[in-house]
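Subject: Structure for you to look at

Hi,

Here is the structure I promised to pass on. Please open it and keep it in view while you read my notes.

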Amino acid sequence: MESNFQELKKMIQEELDKERYEHTLGVMYTSAALAMCYGSDTEEAMTAGLLHDCAKCIPNAKKIKKCEQYHLDISDVEYANPSLLHAKLGAYLAVQKYQVKSEEIINAISSHTTGRPGMSLLEKIVYIADYMEPGRVELPNMKEVRKLAFHDIDECLYRILKDSLVYLASKKLPIDPMTQKTYNYYKENLGKQEE
Ligand code: DGI
Ligand code: FE
Ligand code: FE
């Protein structure tokens with residue numbers, strides 16, 4: 001990797017707490033592995049993985065303040081759950097602070113928490129890597145999800161979306177409309193009959 005990437009890594013390390021940085025490295029390498037599996041650009045996948053949570057450790061009140069300052073729209077669900085903002089704020093910082101030029105990478109950061117209908121391969125890779133990187137606590141069905149990721153990326157994505165909705169409902173957390181929309185889209189897209 002070129003020195004640019006090493007510098008970026010250092011900047012991100014300084015921005016995140018130890019645990020979040022460990023998670024970030026897990027997402028970075030898992031994204032690279034998935035990119036290898038599906039024949040896409042590994043360096044792009046690593047950069048997206050490295051940056052995906054770059055805004056995560058900004059305190060919630062500051063997330064809101066920054067989004068307002070940068071004229072990024074905040075929905076009611078986001079005001080109620082400001083943690084959700086780290087995706088769009090992260091995408092903004094990727095451009096402004098980390099000098100990312102690739103629209104692909106910016107989209108992958110922006111959609112990594114809720115997903116979105118019609119995700120690109122890189123968006124799917126980062127979304128899935130975020131969920132299943134080796135350091136993640138073993139959520140239900142994790143073994144299956146990890147295997148599926150390397151066999152059928154769309155099935156894997158659908159599985160994660162479905163399990164995430166169940167998890168959010170069990171915690172009585174409000175569902176972001178985009179999370180629901182993404183699930184509905186892939187359910188239809190994959191011809192799922194269930195529920
Ligand atoms: O940032 P990470 O923890 O690595 O992962 P992430 O960006 O997927 O964020 C996970 C958190 O986001 C988790 O606490 C659940 C929450 N989340 C994802 N979709 C929704 C959501 N929270 C609410 N309230 N509604 C959603 O639709
Ligand atoms: Fe995140
Ligand atoms: Fe993450």
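Below is what was found, starting with the metals.

Please remember that this is a predicted model.

**The two iron ions**

Start with the iron ion called ligand 3. His 23 and His 52 each coordinate this ion through NE2. Asp 53 and Asp 130 do so through OD. The distance is 2.2 Å. Along the sequence, the donors follow the pattern H-x28-H-D-x76-D. Two of these donors come from distant parts of the chain: His 23 sits in helix H2 (residues 18–38), and Asp 53 sits in the loop between helix H3 (42–51) and helix H4 (60–69). They are 30 residues apart.

Now the other iron ion, ligand 2. Its protein donors are Asp 53 (OD), His 86 (NE2) and His 112 (NE2). They lie 2.1 Å from the ion. Their spacing in sequence reads D-x32-H-x25-H. His 86 belongs to helix H6 (residues 86–96), while His 112 is in the loop between helix H7 (103–110) and helix H8 (121–132), so this pair ties together parts that are 26 residues apart in sequence.

Which residue bridges the two iron ions? Look at Asp 53: this residue bridges ligand 2 and ligand 3. The two ions lie 3.5 Å apart.

**Ligand 1 and its pocket**

Next, ligand 1. The space it takes is the largest pocket. How many residues surround ligand 1? There are 16, and the closest are Lys 56, Thr 113, Pro 174, Asp 176 and Thr 179. By class, this shell has four nonpolar, six polar and six charged residues.

Three side chains place a polar atom by an oxygen atom of ligand 1. For Arg 20, the distance is 2.9 Å. For His 23, it is 3.0 Å. For His 112, it is 2.9 Å. Taken alone, ligand 1 exposes 560 Å², and the protein buries 80% of that.

Notice two names that come back here. His 23 is also a donor to ligand 3, and His 112 is also a donor to ligand 2.

**Two backbone angles**

Last, the backbone. Most residues other than glycine have a negative phi. Gln 99 has a positive phi, near 60°. You will find Gln 99 in the loop between H6 and H7. Asn 141 has a positive phi too, of about 70°, and is not a glycine. Asn 141 is placed in the loop between H8 and helix H9 (142–149).

Best wishes

Notes
Residues numbered from 1 in each chain as written. Chains lettered and ligands numbered in written order. Heavy atoms only, no water. Near = heavy atom within 4 Å. Polar contact = N/O pair within 3.5 Å; in protein donor to acceptor, adjacent residues only side chain to side chain. Areas by Shrake-Rupley, 256 points an atom, 1.4 Å probe, with all protein chains shown as cover. 1 Å grid on protein atoms, 1.4 Å probe; cavity = no way out; pocket = protein on both sides within 12 Å on 5 of 7 lines; lining within 4 Å. Sits in = over half its atoms within 2 Å of the grid points. Nonpolar A, V, L, I, M, F, W, Y, C, P; charged D, E, K, R; others polar. Donors = N, O, S within 2.8 Å, 3.2 Å for Na, K, Ca; no water. Helix = DSSP H or I, 4+ residues; strand = E, 2+ residues; numbered from the N terminus.
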